[in-house]
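Hi everyone, thanks for coming. Let's get the structure up on the screen and walk through it together.

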Amino acid sequence: MSSEWPLWEVFIRGQHGLNHRHVGSLHAPDAEMAIHHARDVYTRRNEGVSIWVVRSADIVASAPSKKGPLFDPANSKVYRHPTFFDIPDEVGHM
Amino acid sequence: MAGHAVQTAPLVELALRMGDNCLILGHRNSEWCGHSPALEEDIALANMALDLIGQTQLWLGLAAEAEGRGRSADDLAYLRDVPAFRNLLLVEQPNGDFGRTIMRQFLFDSWHLPMLRALQGASDERVAEIAEKASKEVAYHLERSGDLVIRLGDGTEESHRRMQAALDLLWSYAGEMFAGDARDAEIAAAGLAPEPDSLRPVWRSHVEAVLAEATLAVPQNDYAQKGGKSGRHSEHLGFILAEMQFLQRAYPGAAW
């Protein structure tokens, strides 16, 4: 039966977290039941205060085969990290 | 233990009736574990079973404390025999197919939630506290079971047929929730719970609204099967207890 239901990706906002995080996926016939299922499957141990679900088919992903051109160029750009500033002493711990 | 003329106090009787409903329905739902039609529904049913067993601990814990006979909630769950159980006949009915399990849950939840809301005003603080905690869980149970009744009733030809059959089969067990007996009158007189019949209108209007949306026909026969609340059970409860109590009966006092 569940093989006929579309797949949904589940995002949960944790008690203390700021962002919704991807926690997994599940099957459901529509959005309302996807929320119910997400509540039952992914928040059993008090993990969340908010749930997002989105149909997996609606997620657009980068192609693994384009990994080289997409990500390799960022490897050698150390100057993009904010590590070249002198922090004044009065700022203290950052 | 059973069959004696020992009259329990109204508070004990109420706690047993509430707790035994939760225990037996929780056990019935747990029988689905690993057998549900979809993994997500399997977990949802197991969650609900665990909610109900958690509520059982509270109610039977209160019953044990209030009766003051040195028994624990576990003793009440595992060491009483059929005639001492106070649950409704509805909750001990076999699971049948998934649709019947959901219909049984829906008919029960539709009573359970208004009952718990009423119990929040009970004259005993412990009753009110348990009712408040449980009503949050049960509000979700009702949302879920009502949603599934609508989806399956107004679903395919086959799911509609199965839901109507489940409703027709279980309808005669719903009336017991509203049929007051002498003990109910004592419980109400003590300010612990409303008279059962007073919950019927709100139950009826909610159930009829959901069934209408589910395109299911309300059965016209209002004959009510009764007896569970006073310990006269169907043949099914003995089999439930045989499985549920086996370990404590075979290995008394076993713990892990």
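I'll start with a sheet in chain A and then turn to a cavity in chain B.

A little housekeeping: this is a predicted model, where local features need pLDDT of at least 70, side-chain atom pairs count only at pLDDT 80 or more, and totals for chains, interfaces and linings use all residues. Residues are numbered from 1 along each chain as its sequence is written, chains are lettered from A and ligands numbered from 1 in the order written, and side-chain values use heavy atoms, leaving out hydrogens and water.

So, the sheet. In chain A, three strands make an open, antiparallel sheet in the order β2-β1-β3. Strands here are DSSP E runs of at least two residues, helices are H or I runs of at least four, both numbered from the N terminus, and two strands pair if DSSP finds at least two bridges between them. At the edges sit β2 (20-27) and β3 (50-55) of chain A, each pairing on one side only. Strand β1(A), residues 7-13, pairs with β2(A) over seven bridges, and Glu9(A) stands opposite Ser25(A) in β2(A).

Now the cavity: a set of points on a 1 Å grid over the protein atoms alone where a 1.4 Å probe fits but cannot get out, with lining residues having an atom within 4 Å of a point. Which residues are closest to the centre of the largest cavity? Of the 18 that line it, they are Arg17(B), Trp111(B), Met115(B), Asp184(B) and Lys229(B). Helix α1(B) gives the largest share of that lining, four residues.

Key:
On a 1 Å grid over the protein atoms alone, a cavity is a set of points where a 1.4 Å probe fits but cannot get out, and a pocket is an open set with protein on both sides within 12 Å along at least five of seven lines; lining residues have an atom within 4 Å of a point.
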